[in-house]
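Let's work through some exercises on how helices, strands and chains fit together. Try each task by yourself before you read its solution.

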Number of protein chains: 2
Amino acid sequence: MSQIRHALSIKREDDFAAWYQEVIAAADMAEESGVRGCMVIKPWGYGIWERMQRLLDDRIKAAGVQNCYFPLFIPLANFEREAAHVEGFAKEMAVVTHHRLIADGKGGLIPDPAARLEEPLVVRPTSETIIGDAMSRWVQSWRDLPLLLNQWANVVRWEMRTRMFLRTSEFLWQEGHTAHENETDARAETMRALEMYRAFAEDDLSLPVVAGEKPENERFPGAVETWSIEAMMQDGKALQAGTSHYLGTNFASAANIRYQDREGGQALAHTTSWGVSTRMVGGIIMTHGDDDGLRVPPAIAPQQVVILPMLRDKPEDAALIAYCEELRAAIAGTAALGEPVRVLLDVRPGKAATKRWDWVRKGAPVIIEVGPRDMENGVVSLLRRDRLWDAQSGKPAFQAPDRETAVQEMPGILSDMQGGLFAEARDRRDANVVRDVLSFDALSGFFAADKKYPGWVEVQWSKPTGAGLAKVEEMLKAHRLTLRNVPLGASPADGTCIFTGDPAVERVLVARAY
Amino acid sequence: MSQIRHALSIKREDDFAAWYQEVIAAADMAEESGVRGCMVIKPWGYGIWERMQRLLDDRIKAAGVQNCYFPLFIPLANFEREAAHVEGFAKEMAVVTHHRLIADGKGGLIPDPAARLEEPLVVRPTSETIIGDAMSRWVQSWRDLPLLLNQWANVVRWEMRTRMFLRTSEFLWQEGHTAHENETDARAETMRALEMYRAFAEDDLSLPVVAGEKPENERFPGAVETWSIEAMMQDGKALQAGTSHYLGTNFASAANIRYQDREGGQALAHTTSWGVSTRMVGGIIMTHGDDDGLRVPPAIAPQQVVILPMLRDKPEDAALIAYCEELRAAIAGTAALGEPVRVLLDVRPGKAATKRWDWVRKGAPVIIEVGPRDMENGVVSLLRRDRLWDAQSGKPAFQAPDRETAVQEMPGILSDMQGGLFAEARDRRDANVVRDVLSFDALSGFFAADKKYPGWVEVQWSKPTGAGLAKVEEMLKAHRLTLRNVPLGASPADGTCIFTGDPAVERVLVARAY
């Protein structure tokens with residue numbers, strides 16, 4: 001085993017945070033832009049996001065939700081109407097105050113004092129308040145409900161400490177916004193979106209998640225209930241990977257989304273909102289990455305198969321390239337995971353072995369190398385990213401199927417890898433959720449113990465609110481811990497709250513978190 | 001003919017501008033947002049844009065261009081480096097100066113004076129300067145070239161007079177940005193993008209365009225050459241529907257995009273940029289709309305076929321809906337224009353005839369109505385949006401094919417409509433380009449004549465520059481006219497410049513414009 005070289009300089013077990021940065025650079029996914037808190041998403045990273053968008057958008061449309069687009073800028077007045085919301089967001093918003101620049105007389109530019117906006121505009125941190133405005137115009141009667149909208153957009157939250165994909169001042173996301181006749185329907189939509197996210201994460205991203213309700217202190221500002229999916233990263237920390245909010249009539253009241261109900265009276269709509277963002281790309285890296293770089297689940301890999309002809313800068317190269325192009329077309333003619341297989345023939349100059357490691361670091365699911373002798377013998381050298389090393393020899397675990405077999409088996413390989421990455425992450429997660437911690441001392445002891453990446457603890461609690469909950473939050477904060485969510489389907493409580501000593505009413509996940 | 005009713009209240013020939021607004025409202029495509037200069041793009045309008053995105057994105061990717069994403073905010077310093085560029089854009093940019101709001105003590109919010117940015121940030125009006133920054137990091141050697149990038153993004157230009165889709169402060173677009181080793185390659189890319197736009201406009205949007213070079217005074221700020229595609233609207237005005245710029249080394253010099261060339265020396269890259277935006281949706285409306293609303297070319301119609309069962313709120317409805325669902329699935333199983341046909345079964349409450357007019361106004365290419373008797377007889381009532389009225393009867397021109405025929409012929413109908421809309425627009429355009437105007441007096445006379453929608457004039461000119469061109473611009477401005485472009489493939493000049501009297505060197509299009 002000791003012979004195994006790795007394609008990165010930092011191992012996960014040594015410094016997870018530094019490893020994360022190295023993967024992003026080594027897989028050429030993104031980089032700092034030089035603009036405070038904003039990143040540049042490079043083609044491979046953006047390609048993964050595009051695949052995620054396509055798959056999630058299909059799920060959104062299948063649910064009858066319609067895409068539209070609302071303004072980037074939100075007038076202050078919209079925010080002022082919902083007190084809890086503005087309280088939650090006012091601290092971190094980009095504010096546009098001018099609409100023109102002029103020369104400062106010293107060779108530079110300054111905002112033109114004569115072009116100050118009468119009312120400053122906020123760059124949207126989320127769009128409940130502007131979409132609520134539109135809903136108030138569009139909803140007149142119960143016949144207009146439910147109104148199911150979504151937008152794909154950029155949003156800005158002025159973060160002080162940023163980290164690529166996980167927390168950036170500008171990020172990309174989708175935000176669903178729906179309005180309903182009553183609480184029952186709106187709650188059902190909240191849960192539908194949550195389940196959609198769970199299926200998207202687990203089936204499309206191979207990302208096992210725990211769906212559950214966030215405690216009161218972790219709610220979206222202005223929400224009645226917030227639900228989340230939480231994923232465990234390889235360092236044991238939790239990543240909130242998507243949220244779905246039941247907003248009650250709070251935003252409907254602020255934006256005046258009223259309708260004539262079935263009895264002819266006036267009623268307030270009940271609204272929901274739900275979103276996932278480019279943050280999820282960070283979750284994919286920290287779940288599927290290994291010491292050789294990223295491993296991209298086949299369903300979201302921009303290229304699922306990369307063919308590398310072993311070129312030698314000789315006239316014979318032409319025949320080899322033609323042979324590989326045929327192979328590419330043959331594989332592209334097969335379908336895996338419900339779509340045509342995405343295959344790239346990489347004929348850039350450079351040695352095949354060098355390019356192989358580029359693609360290993362990027363996490364392309366399957367790499368096929370073809371040399372002149374392979375062509376003669378009708379075989380290919382096939383490397384699966386999820387089975388990279390031969391444990392005995394310490395060398396890359398190339399298989400040598402004949403060409404036809406490689407083509408025929410490709411859909412099965414990709415589908416197997418999709419499921420395998422999920423199972424691996426789920427097993428690791430399941431092995432790292434502890435349920436036998438029965439006191440706060442034991443909890444703090446668990447996280448203080450000499451375990452580098454401690455995982456999650458599911459504890460029983462009495463679900464305190466207000467000041468009681470604030471105290472719990474403080475107790476946890478001292479140990480850098482947070483409440484994640486109350487898992488759907490967790491066992492009922494049968495003991496004592498580890499925070500208050502009161503009878504427990506449910507179980508809640510405690511973890512360090514991103 | 002006089003019996004023909006129309007689905008709008010305003011006719012194109014009476015008030016084209018008001019008709020345009022009515023179509024947008026009647027087709028439920030977009031509306032004013034209440035935020036200055038920004039619109040809300042509603043599901044039908046956004047669905048058309050999504051289809052446009054998908055088709056153009058396929059063309060962009062097929063050319064080897066890679067999508068990525070760059071920051072919304074651009075530091076002032078980036079702009080200051082390219083003088084012509086900042087001159088062109090500084091007058092209309094949104095400027096972010098603060099990153100927090102605080103209570104103003106009167107129940108409202110104000111930008112927090114303690115959270116003023118050290119350097120204001122501009123909301124991108126276009127991204128040459130920020131992408132140039134990234135290119136300067138990514139391009140080290142000639143081996144890194146060409147670098148072919150694109151992003152789909154929102155941009156903001158603070159427009160004083162806005163008009164939905166055509167001119168809005170925030171709009172959506174794609175912007176391609178490429179860097180090359182030399183002028184030849186960069187010019188070739190400029191022309192490749194131009195030809196891609198021509199094909200996209202004509203083949204996907206049924207929008208005939210004239211591709212050509214913009215005169216110097218209409219160039220993109222900082223460009224060496226700007227090329228455009230120009231489309232003729234039904235009121236004879238020109239719409240610039242896409243542009244492709246050869247930027248020389250201007251932006252490379254400002255952003256320091258230098259590379260080691262094949263001889264080992266240092267060289268500046270030559271760059272290009274090219275973009276089309278949601279403005280094109282306005283062009284589709286003004287090209288294909290008629291007095292009954294929008295007509296969407298099938299390739300970009302979110303729904304190509306809409307099935308309307310004639311429901312009667314009776315138990316028999318269930319069987320009719322089931323029959324229509326089978327029909328839907330059968331049509332969805334066919335392919336037109338290279339993709340599965342998009343069919344909607346509209347079972348919303350309401351009369352089929354009322355819903356029919358909704359879909360007529362929206363411009364769905366084919367509407368199929370099915371009543372209980374049709375079901376019994378195995379026929380359907382089929383209405384083509386491009387052949388809406390029966391000239392003799394003055395009634396909607398329903399056809400009554402049997403069910404199987406309707407299914408089998410659907411791909412042909414859609415493909416025929418795609419080509420027919422193009423031919424109709426091309427013939428109208430061709431009939432309205434005049435080429436025999438030989439003096440400026442004749443030109444001004446032509447546009448002053450009693451013709452409501454006068455079209456374009458192609459004139460010969462001596463291609464003056466600088467002050468000479470400014471004078472031409474002024475002469476034209478007095479008649480509300482502009483130079484559009486010098487069409488590729490126009491006949492060579494053989495006469496006298498109508499502006500200067502000098503020998504003409506080429507032909508240029510003169511028109512009123514959006």
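**Exercise 1: A four-stranded sheet**

B:Thr482 has B:Ala511 as its bridge partner in β27(B). Keep in mind that this model is predicted.

Task: In what sense do β25(B) and β27(B) pair, and over how many bridges?

Solution, step by step:
- Start with the two strands. β25(B) pairs with strand β27 (residues 506-511) of chain B in the antiparallel sense, over two bridges.
- Now place them in their sheet. It is an open sheet of four strands in chain B, with the order β23-β24-β27-β25 and mixed pairing.
- Finish with the edges. In chain B, β23 (433-434) and β25 (482-483) are the edge strands, pairing on one side only.

**Exercise 2: An eight-stranded sheet and its helices**

Task: Find the order of the eight strands in the open sheet of chain B, and then say which strands of the sheet helix α6 of chain B touches.

Solution, step by step:
- Read off the order: β3-β9-β10-β16-β13-β12-β11-β26 in chain B, with mixed pairing.
- Look at the ends. β3 (66-67) and β26 (486-487) of chain B each have a single partner strand, so each has one side without a neighbour in the sheet.
- Zoom in on one edge. β3(B) and strand β9 (residues 147-156) of chain B run parallel and are joined by two bridges. B:Gln66 has B:Leu149 as its bridge partner in β9(B).
- Add helix α6 (residues 183-204) of chain B. This helix packs on the sheet and touches β9, β10 (170-180), β11 (210-213), β12 (225-232), β13 (238-246) and β16 (270-277) of chain B. The direction of α6 makes about 10° with that of β16(B).
- Add helix α8 (residues 279-288) of chain B as well. It packs on the sheet against β12, β13 and β16 of chain B, and its direction makes about 145° with that of β13(B).

**Exercise 3: Two helix pairs in chain A**

Task: Are α9(A) and α12(A) roughly parallel or roughly perpendicular? Then describe how α1(A) meets α8(A).

Solution, step by step:
- Take the first angle. Helix α9 (residues 317-332) and helix α12 (residues 403-431) of chain A pack at about 30°, with axes 9 Å apart. Angles under 35 degrees count as roughly parallel, so α9(A) is roughly parallel to α12(A).
- Note the handedness: α9(A) and α12(A) cross in a right-handed way.
- List the contact. A:Tyr323, A:Glu326, A:Leu327, A:Ala330 and A:Ile331 of α9(A) meet A:Arg403, A:Val407 and A:Met410 of α12(A). Six of these residues are nonpolar, none is polar and two are charged.
- Turn to the second pair. The axes of helix α1 (residues 16-26) and helix α8 (residues 279-288) of chain A come within 11 Å and cross at roughly 110°. That makes α1(A) roughly perpendicular to α8(A), and the crossing is right-handed.
- See who touches whom: A:Phe16, A:Trp19, A:Tyr20, A:Val23 and A:Ile24 in α1(A) meet A:Gly282, A:Ile285 and A:Met286 in α8(A). By class, that gives seven nonpolar residues, one polar and no charged.

**Exercise 4: Two copies of a chain**

Task: What turn and what shift lay chain B on chain A?

Solution, step by step:
- The turn is 180° and the shift along the axis is 0.0 Å, giving an RMSD of 0.0 Å.
- Name the relation: this is a two-fold axis.
- Locate the axis. In chain B, the C-alpha of B:Val96 is the nearest to the axis, at 2.1 Å.
- Check the interface. Of the interface residues of chain B, 100% are also interface residues in chain A, so the copies meet through the same surface.

Note on methods
Residues are numbered from 1 along each chain as its sequence is written. Chains are lettered from A and ligands numbered from 1 in the order in which they are written. This is a predicted model: local features need pLDDT of at least 70, side-chain atom pairs count only at pLDDT 80 or more; totals for chains, interfaces and linings use all residues. Side-chain values use heavy atoms; hydrogens and water are left out. Axes are lines fitted to C-alpha atoms, for helices over the stretch in contact, and angles run from 0 to 180 degrees between N-to-C directions. Angles under 35 degrees count as roughly parallel, over 145 as roughly antiparallel, 65 to 115 as roughly perpendicular and the rest as oblique. A crossing is left-handed if the near helix is turned anticlockwise from the far one by less than a right angle, and right-handed if clockwise. Contact means heavy atoms within 4.5 Å. Ala, Val, Leu, Ile, Met, Phe, Trp, Tyr, Cys and Pro count as nonpolar, Asp, Glu, Lys and Arg as charged, and the others, Gly among them, as polar. Two strands pair if DSSP finds at least two bridges between them. Copies are superposed by least squares on the C-alpha atoms of residues with pLDDT of at least 70 in both.
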